[in-house]
Amino acid sequence: MATIDEFVEKMTAMGGSDLHLPSTNPPMVRIHGELEVMPDEPPLSPAQVRTMTMEILGKREQEMLFEHTDVDFVYEPEEEHATLSRFRANVFFQRNGLNIVLRGIPRQIPTLASLNLPQSMGLFTHYHQGLVLVTGPSGCGKTATLAALIDLVNEEKALHIITVEDPIEYVHHNKRSLIVQRQVGLHVESFQTALRAALREDPDVIMVGEMRDLETIQLAITASETGHLVFGTLHTNGTIQTIDRIIDAFPPEQQTQIRTMVAESLRGIVSQQLIPRKDGTGRVVAYELLQFSPSVSNLIRDGKNFQIVSVIQMGRNKGMQLMDTSLLDLAQQGLISRIQAIERAIDFKTMEENLDAVGVQ
């Protein structure tokens, strides 16, 4: 029977980003966003997947799996496979047995340039305090973008950085800063517990791997108002939806106060998508970028979020950009197809008209 490291090696050779080892089905690999069956591999029996699961889980992870029916962790291949990435892993039960899903994490921390993101995003690391959000669907590269921003702080400033992640993906080493990384479920009980504790641990910068509930959002906003620079992620598409999601997470009687707090603390939002390249050689990032300005703060405070689109449009010379503008640019450059540009657009009808206007077929 093939080992999990052998499957990982084969996935890496195929250029895959994710490996699926499902009970009663053959192994599958995600390549440039599309799932493909791993060639020459028969379906995996439930017993095979269970054996591989027990080999890669420690005692504590096994207990969590059987208690909660799924578990997140980081898997590192054996020493002889040291050239391979670390992997964000999830094991879960389903109708046919256990499934294992691994996503590769490059050992080298990316830069904004390597992610094809604008250098103007680096300005977010220059703030002394405030809230910076990186948003988008699962698998769009939010973690890599956060890692690049945290590494910039680490290179340029002598600060105390605390990250709270589930699980820890990119491993940071001290450069100019002191970096402490905490994993939910391993080093701390929850995001909320870690954030409450962080405020007593003399941090300058806090990175929240996922703002997934009301209390975490509230603590992140509070931290950003009390002299800390906070980076976080949300599973939202676009600037307007991100601001609405934060405010709508609170009870109606608190929303006026929260709107004011967000208006004062927000320093920027990056929304991103990873889109298959037209030539099939990989994926390219499309992004929306909002930077802090007094006019943005006033619109949020007044509940006129919809007008922020105009601010982004007028701020392109300062590095701001709408998602649909990014998609149109990529289509004009021939990097993505017309269909992808339309399907990924926020306003697909206007996108179709704009593509026609510039002659993209």
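**A walk through the sheet, the cores and the helices**

Let's start with a hairpin-like place to put your finger: strand β5 (residues 86-94) and strand β6 (residues 97-105) pair in the antiparallel sense, over nine bridges. Keep in mind that this is a predicted model. If you want a spot to find the pairing by eye, look for Val 91, which stands opposite Ile 100 in β6.

Now zoom out. β5 and β6 belong to an open sheet of six strands, ordered β3-β2-β1-β6-β5-β4 and paired antiparallel. At the edges you'll find β3 (34-37) and β4 (70-75); each has a single partner strand, so one side of each is left without a neighbour in the sheet. Going from one strand to the next, the twist averages 20 degrees. Helix α1 (residues 4-13) packs on this sheet, where it touches β1 (18-22), β2 (28-31), β4, β5 and β6. The direction of α1 makes about 140 degrees with that of β1.

Next, the nonpolar interior. The largest nonpolar core has 39 residues. Those with the most contacts inside it are Leu 133, Ile 221, Ile 246, Leu 266, Leu 290, Ile 300 and Ile 308. Which helix gives the most to this core? That's α6 (residues 214-225), with five residues. Take Ile 246 as a way in: leaving aside neighbours within four places in sequence, Ile 246 is in contact with Leu 133, Ile 217, Ile 221, Leu 234 and Val 262. There's also a second, separate core of 24 residues, and among its members are Val 29, Leu 44, Tyr 75 and Ile 100. That last one is the residue we met opposite Val 91.

On to a pair of helices. Helix α8 (residues 255-265) packs against helix α9 (residues 294-301) at an angle of about 170 degrees, and their axes are 8 Å apart. Angles over 145 degrees count as roughly antiparallel, which makes α8 roughly antiparallel to α9. On the α8 side, the contact is made by Arg 259, Thr 260, Val 262, Ala 263 and Glu 264; α9 brings Ser 297, Ile 300 and Arg 301. Sort the residues of this contact by character and you get three nonpolar, two polar and three charged.

Last stop: helix α5 (residues 191-198). Is α5 mostly covered or mostly uncovered? It's mostly covered, with six of its eight residues buried. The buried ones are Phe 191, Gln 192, Ala 194, Leu 195, Ala 197 and Ala 198. What covers them includes β8 (160-165), β9 (178-183), β10 (205-208) and α6, the helix that gives the most to the largest core.

Terms used. Residues are numbered from 1 along each chain as its sequence is written. This is a predicted model: local features need pLDDT of at least 70, side-chain atom pairs count only at pLDDT 80 or more; totals for chains, interfaces and linings use all residues. Side-chain values use heavy atoms; hydrogens and water are left out. Two strands pair if DSSP finds at least two bridges between them. Helices (H or I, at least four residues) and strands (E, at least two) are DSSP runs, numbered from the N terminus. Axes are lines fitted to C-alpha atoms, for helices over the stretch in contact, and angles run from 0 to 180 degrees between N-to-C directions. Contact means heavy atoms within 4.5 Å. A nonpolar core is a set of buried Ala, Val, Leu, Ile, Met, Phe, Trp, Tyr and Cys residues joined through side-chain atoms within 4.5 Å. Buried means under 20% relative accessible area, exposed over 50%, partly exposed in between (1.4 Å probe, protein chains only). Angles under 35 degrees count as roughly parallel, over 145 as roughly antiparallel, 65 to 115 as roughly perpendicular and the rest as oblique. Ala, Val, Leu, Ile, Met, Phe, Trp, Tyr, Cys and Pro count as nonpolar, Asp, Glu, Lys and Arg as charged, and the others, Gly among them, as polar.
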